Number of protein chains: 2
Amino acid sequence: MSARVTMRDVALAVGMSPMTVSRALRDDRTVNAKTRTRVRQVADELGYVYDSTAQAFRTQKSGFVAVTLPSVNNANFAETFRALTNGLGEAGLQLLLGSTNYRVEREEELVRQLLTRNPEALVLTGGHHTDEMRKLVQGRGLPVIEMWDLPADPLGHVVGFSNSDAMAHIVGHLASTGRRKLAFVGASEGADMRGAVRRAGVVQAARAHGLPEVVTIDAGPAPVSMRHGNAVIEAMGREVAQYDALVCVSDPVAFGCLSAAQRMGLRVPDDLAITGFGHFEVARVSNPRITTVNVQAEDIGRQVVALLQGIFDGDIDSPVRTDVGSALVMGETS
Amino acid sequence: MSARVTMRDVALAVGMSPMTVSRALRDDRTVNAKTRTRVRQVADELGYVYDSTAQAFRTQKSGFVAVTLPSVNNANFAETFRALTNGLGEAGLQLLLGSTNYRVEREEELVRQLLTRNPEALVLTGGHHTDEMRKLVQGRGLPVIEMWDLPADPLGHVVGFSNSDAMAHIVGHLASTGRRKLAFVGASEGADMRGAVRRAGVVQAARAHGLPEVVTIDAGPAPVSMRHGNAVIEAMGREVAQYDALVCVSDPVAFGCLSAAQRMGLRVPDDLAITGFGHFEVARVSNPRITTVNVQAEDIGRQVVALLQGIFDGDIDSPVRTDVGSALVMGETS
DNA sequence: CCGCCAATTGTTATCGATAACATGATACCG
DNA sequence: CGGTATCATGTTATCGATAACAATTGGCGG
């Protein structure tokens, strides 16, 4: 049927040039107020829809901010994403989201694809990337932000926290309450770097506190969640009681472990302490509440938004590094 | 510094026309194999990045599929989204995601914005929209799919299930196990239509089974989750024991109620049955497991992908209506 | 050796909005 | 009343890739 309605069509209908239409729709104050209202009315009547693609092409500004997440199916990442969407939406920017499925190779592929959309900034979750990534984003004027981590050699700006410090809080707390034999419950070594860093943090902190070597309980390939924690403890049976505490890679995993332990009649925390990570809702509602670490997912999003605004306003020249920190949240499982 | 590298630059470097470069990069078999490899190599060396914006502009095909979700912070919607991302990614399409925050006005605003990007299809969650929505999407050749619902008067294609049928399964089960006094736990009336439909389904089914009128327990404004279910039951105290069963709008809410009930010493299901909705992970891992309804979030996503492929291949002319159904999943809370 | 076909590469115009510059109209000043 | 500032609108060129068509080359049959 009818081809797309363009500014040209609106211009013909009001008897003016496309340039005037363009100005009128953009609320340019140099156009006469009456002209502006008439243009808008006619545009409405014709069912005109603005073409952001043409604008992006002409102005070389896409209005996109590209974001990679390991997964949207994680309440904390989803929360950060929500904060980004809301904050950047107010600035007229739209998010282009990609999921890496916790794999750096997938991240690289994704970034390659996202870059073809000419985003105005690139926000990556995590500080571990393929070697190619650095070449990919350098040289371009593109602002890059890594979040949820504090990489030693960042690509650009950073808004994150130290995963190993966070685990050290947990281990310190457990050690000070007399727990000695710790097991770490997380994903198999390999893809998920964040999990590996947390594990290393636990091992290191345990050594620092003079505790016996930490055993790793493998809950399967990343991402691991409630059911994986549940299954692995259920499979172990009462053998799990040999440990004083299960230090879990995340709250969902901890909840799975907690549920399995309770089902086999273990008393938590009396027989076994369990700790989580991330301050997920389940940790606050479960019974008993799970001792965890608050990582302020929403705050990370807000800080990234503030940083981007500074960058777009030209207020920021050198790389920014923000540590949002983390805090132990006492529950009833330890 | 250096301006963006374009096909023109690559063409100059290899001593050929931009058209040949375009063909070479697109793997057009009419270009000589040697030419193609040389073009690709030079493009790599120059750090050429393809410009999807220009392509979208010239071809009038954006490569985008616009999707609205009430929230990404919901495991089921996130799961559908993941299935969409994976399925459409293989077809070279990218998702443009917007969150409506469970409000139809926000959805309209969002769709307006998304349409300016010239998406090749529009996928909406839910079948309730503002009156303007219909005008907004009609007339354009744009394929529209509503999912997660079975609207009476759809905008286009539909892939969903009946929320009231699903609730009827739950109520039928409760009635057949002798529960008579039911309370529905959900969000305040208003924004969240899906919740309202579920509530209406419960009320209607209860009447059909000759049960006393269902009481509504208001857990606060949408979206409601674990902590809201938890808080509202905690606030009621043992007064909640007057009911035979709590029919919750979702599994997270049910888990919150379960946890609160257990904390105050109620035995579930002996003193009180609790049911959820959505077959979330927490329902499978909690102790006791929560009786719920499986809505096959991933399957919805896959069906939408299949439908879109059919549409793009031109195999589909008239509106499709797919009911993915729902099934009672027996747990231990009823 | 001519002509036709296939293989390969080139030329031109175009998608819609807008920056930069130009023009026309009106007002206001000494 | 001439000249200049101000307001409102118009003209032209452009962003990068590619569809449609044109042109060139080499090969092969007759």
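How do α4(A) and α4(B) lie relative to each other: parallel, antiparallel, perpendicular or oblique? These legends take up that question in a predicted model, then move on to the DNA and a few backbone details.

**View 1. α4(A) meets α4(B).** The two helix axes come within 9 Å and cross at roughly 130°. An angle over 145 degrees would count as roughly antiparallel and 65 to 115 as roughly perpendicular, so α4(A) and α4(B) are oblique to each other. The crossing of α4(A) past α4(B) is left-handed. From α4(A), look for A:Thr53, A:Ala54, A:Ala56 and A:Phe57; they meet B:Thr53, B:Ala54, B:Ala56 and B:Phe57 from α4(B). Sorted by class, that contact has six nonpolar and two polar residues, and no charged ones.

**View 2. The protein surface near DNA strand D.** Here 26 residues surround DNA strand D, and the closest are A:Thr20, B:Ser22, B:Tyr48, B:Tyr50 and B:Arg58. Four helices each put in at least two residues: α2 (18–25) and α4 (52–59) of chain A, plus α2 (18–25) and α4 (52–59) of chain B. With five residues, α4(B) gives the largest share of this surface. The class tally for the surface is ten nonpolar, ten polar and six charged.

**View 3. Zooming in on the phosphates of DNA strand D.** Of the strand D atoms within 4 Å of the protein, 57% belong to sugar or phosphate, and bases make up the rest. Three protein–phosphate pairs are worth finding here. B:Ser22 has a side-chain N or O atom 2.6 Å from a phosphate oxygen of DNA strand D. For A:Asn32 the backbone does the job, with an N or O atom 3.0 Å from a phosphate oxygen of the strand. B:Gln55 places a polar side-chain atom 3.4 Å from a phosphate oxygen of DNA strand D.

**View 4. Cis peptide bonds at A:Pro223 and A:Pro288.** A:Ala222 and A:Pro223 are joined by a cis peptide bond, with omega about -5°. You'll find A:Pro223 in the loop between β7 (215–218) and α10 (226–236) of chain A. The bond from A:Asn287 to A:Pro288 is cis too, and its omega is near 0°. A:Pro288 sits in the loop between α12 (281–285) and β10 (292–294) of chain A.

**View 5. A positive phi at A:His279.** This residue isn't a glycine, yet its phi is positive, near 55°. To find A:His279, go to the loop between β9 (273–275) and α12 of chain A.

Methods
Residues numbered from 1 in each chain as written. Chains lettered and ligands numbered in written order. Predicted model: local features only at pLDDT ≥ 70, side-chain atom pairs only at ≥ 80, totals over all residues. Heavy atoms only, no water. Near = heavy atom within 4 Å. Polar contact = N/O pair within 3.5 Å; in protein donor to acceptor, adjacent residues only side chain to side chain. Nonpolar A, V, L, I, M, F, W, Y, C, P; charged D, E, K, R; others polar. Axes fitted to C-alpha atoms, helices over the stretch in contact; angles between N-to-C directions. Parallel < 35°, antiparallel > 145°, perpendicular 65-115°, else oblique. Left-handed = near helix turned anticlockwise from the far one by under 90°. Contact = heavy atoms within 4.5 Å.
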